[in-house]
Amino acid sequence: MTDLNKLYKQQVLAHNKTPHNYGEPDHWTHHAEGLNAICGDQVHVYLNIEDDVIKAAHFAGDSCAISMASASMMTELIAEKTTFEALHLFAAFKQMMSAEGLDQAETVLGDVACLVSVKKFPSRIKSALLCWYALNAAIHGQATTTTE
Amino acid sequence: MLREAFPCLHQQVNGKDLVYFDNAATAMRPQVVIDAVNDYYCHNNANIHRGVHCLSGRATDLYEQARGSLARLINAPSPDNLIFVRGCTEGVNLVAQTFVRERLQPGDEILISHLEHHSNIVPWQILCQQTGARLKVIPMNERGELVLDQLDELMTERTKFMSVIHVSNALGTINPVKELVAKAHAKDIPVMVDGAQATPHLKVDVQDIGCDFYTVSGHKMYGPTGSGVLYGKATHLESMPPYHGGGEMISKVTFEETVYNKVPAKFEAGTPNIAGGIGLGAAAEFILDVGIEAIAEREDVLKLYTEQALKTVKGLRILGEAAHKSPVFSFLIDGIHPHDIGTIIDHHGVAIRTGHHCTMPIFQFFDVPGSCRASLAFYNTEQEVDILVESLNQAKAMFS
Ligand SMILES: Cc1ncc(COP(=O)(O)O)c(C=O)c1O
């Protein structure tokens, strides 16, 4: 497979085409908007947190396939996790996307680990990170965040 | 062929021949510009206007010759009408703070257009905050042309300044600046024109346009980054206070008072971008040598070819189809985000820009977050356009 096909792998394209947990839900307790000023990506993350457990996670916004797929997979991964666990996953994802990398990423991050191929495209790493920054902000009660 | 004069064009990226269609972000530089910069550093390196020694004299001559070349390029009455600046952005800020600011009372108005680059919006918003003035905007239509019907109502007795873009970097629209200046002058409104995207592609004659100020960006017209000139009418430049204080812009300093240097030195505090200015002079000479008419003619051919070629891509929509435009194409493809297109075609060696191109209000008008932009220059080829189209079709296949 070429790097390009690894970037736009079937999983990513499928999530982009039919994203999971897409759209603002009727009920949510926490929300944040992530903005990537340079490329104009925008992702809203909506969380329904009860007793410190993320009962449901949704996202909305207008962004590229990498950002859409990342958000779609993230909302699946963090459902039913405690906020502490979700923050741990955020840290793990960031580490996977850094030069350092993450051992056994698949065990920790499941499907989300497939986004490691984005690292070959440094200009797109922020697209994959944006929803995670928004998640972090939402949990901490901040309204907006950026990957800058 | 002229293309050979641009060394950076001749390389491979991602294993493919580079197709450089990001000229509106910054153009390539011909070897003569690179040589001019290099020669200054290798043979004539010295500060200007300061030394009695030989190298300082040579450097000063080269720098002042460059000013002369730019004056010829835009037909300024004299080289003294030109102030060296870092680029258009600095030119706008300079005029806002030294010419317009002292003319404004709370409630006064500054008129710009919907097509402006952020560099011709934000400095005015800052000025409005400082003075209590208000910003008014000439609207645009679906084709990306300015709508001039309401100009009479937009130009009121409170309008103290107008600043408009000559050629849109996002859509390519060429605005009727001469007509706009005439209308504004009929109401005693001074006008600045943002020429960033004009000097590389069109014949610019500041005396014919009649504007009070005109900004030129070096790096858009095949010159060095961080270089540019601001043209101003002599009477304005004489009456304006300096922008920055420092060396070079003075003729006498005591702790009690400072006598400012004459124009244009009054506006050129500190050691300037000497190599950049000299390189920009070489870029102006290059354009004068090739002939801007020849450049414009070639680009018209390329523009028509590109338009036809892009229209063969199903689901592709061009934003901005002004009757008069430069070879700039903003477009969207159904179902694929611009950044994904940018990444995919970069893999085919094609460099375009994606996003809002520092013109967010234009994309708010079209209600999209941004676009893909292919911006061409005379050294591009029809073959390269074919590669663009082929790579767009590949992107579509990937996302189908
Ligand atoms: C139309 C327009 N105006 C102004 C600018 C800013 O020019 P500069 O980079 O010289 O400050 C640009 C380019 O970024 C532009 O395209």
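**Entry 1. A strand pair in chain B**

I began with strands E13(B) and E14(B) in this predicted model. E14 covers residues 328-333 of chain B, and I found that E13(B) pairs with E14(B) in the antiparallel sense, over four bridges. To place one of the residues involved, I looked up B:Leu316 and noted B:Ile333 in E14(B) as its bridge partner. As general background, I recorded that strands of a sheet pair through backbone hydrogen bonds, either parallel or antiparallel.

**Entry 2. The sheet around that pair**

Next I asked in which order the strands of this open sheet of chain B stand. The sheet has four strands in the order E13-E14-E17-E16, and the pairing is antiparallel. Why is one side of E13 and of E16 left without a neighbour in the sheet? Strand E13 (316-319) and strand E16 (353-355) of chain B stand at the edges, and each has a single partner strand, so a side of each stays free within the sheet. I also noted the twist of this sheet, which averages 30° from one strand to the next.

**Entry 3. The helix across the sheet**

I then looked for a helix in contact with this sheet. Helix H11 of chain B, residues 338-346, lies across E14, E16 and strand E17 (371-375) of chain B. H11(B) runs at about 160° to E16(B). Are the residues of H11(B) mostly covered or uncovered? H11(B) is mostly covered, with nine of its nine residues buried. I listed some of the buried residues of H11(B), including B:Pro338, B:His339, B:Ile341, B:Gly342 and B:Ile345. Charged side chains also appear on that list: B:Asp340 and B:Asp346 are among the buried residues of H11(B).

**Entry 4. Chain B as a whole**

I stepped back to the entire chain. Chain B contains 13 helices and 17 strands. The C-alpha trace of chain B spans about 75 × 55 × 35 Å along its principal axes. I compared the radius of gyration with the value for a compact globule: for 400 residues that value would be near 21 Å, and chain B has 22 Å, so the two agree. Of the 400 residues in chain B, 50% are buried. I also looked at contacts in chain B with a separation of 6 or more, and 71% of them come from residues 24 or more positions apart.

**Entry 5. A loop residue, B:Thr254**

For a contrast with the buried helix residues, I looked up B:Thr254. This residue lies in the loop between strand E11 (250-253) and strand E12 (258-260) of chain B. Is B:Thr254 buried or exposed? B:Thr254 has 7 C-beta neighbours inside 10 Å, and a residue with 12 or fewer counts as exposed, so B:Thr254 is exposed. I also took its distance to B:Val37: the two are 217 residues apart in sequence, and their C-alpha atoms are 36 Å apart in space.

**Entry 6. The ligand**

Which residues come nearest to the ligand? There are 13 residues around the ligand, and B:Gly87, B:Thr89, B:Asn169, B:Ala196 and B:Ser217 come nearest. I sorted the shell by residue type and found four nonpolar, eight polar and one charged.

**Entry 7. Where the chains meet**

I turned to the contact between the two chains. Here 14 residues of chain A are in contact with 13 residues of chain B. On the side of chain A that touches chain B, the residues divide into eight nonpolar, four polar and two charged.

**Entry 8. Chain A**

Finally I looked up chain A. Chain A has six helices and four strands, and along the sequence its pattern reads α-α-β-β-β-α-α-α-α-β. Four strands form an open sheet in the order E3-E2-E1-E4, with mixed pairing. Its edge strands are strand E3 (53-62) and strand E4 (144-146) of chain A, each of which pairs on one side only. The twist of this sheet averages 25° from one strand to the next.

Strand E2 (residues 41-50) of chain A pairs with E3(A) in the antiparallel sense over nine bridges, and A:His44 stands opposite A:Ala60 in E3(A). Helix H6 (residues 125-139) of chain A lies across strand E1 (30-36), E2, E3 and E4 of chain A, at about 150° to E1(A).

For 148 residues a compact globule would have a radius of gyration near 15 Å, and chain A, with 14 Å, agrees. I closed with burial in chain A: 43% of its 148 residues are buried.

Definitions and conventions:
Residues are numbered from 1 along each chain as its sequence is written. Chains are lettered from A and ligands numbered from 1 in the order in which they are written. This is a predicted model: local features need pLDDT of at least 70, side-chain atom pairs count only at pLDDT 80 or more; totals for chains, interfaces and linings use all residues. Two strands pair if DSSP finds at least two bridges between them. Helices (H or I, at least four residues) and strands (E, at least two) are DSSP runs, numbered from the N terminus. Axes are lines fitted to C-alpha atoms, for helices over the stretch in contact, and angles run from 0 to 180 degrees between N-to-C directions. Two residues are in contact if their C-beta atoms, placed from the backbone, lie within 7 Å. The radius of gyration is taken over C-alpha atoms; the globule rule is 2.2 Å times the number of residues to the power 0.38. A residue is buried if 20 or more other C-beta atoms lie within 10 Å of its own, exposed if 12 or fewer, and partly exposed in between; C-beta atoms are placed from the backbone. A residue is near a molecule or strand if its C-beta atom, placed from the backbone, lies within 6 Å of it.
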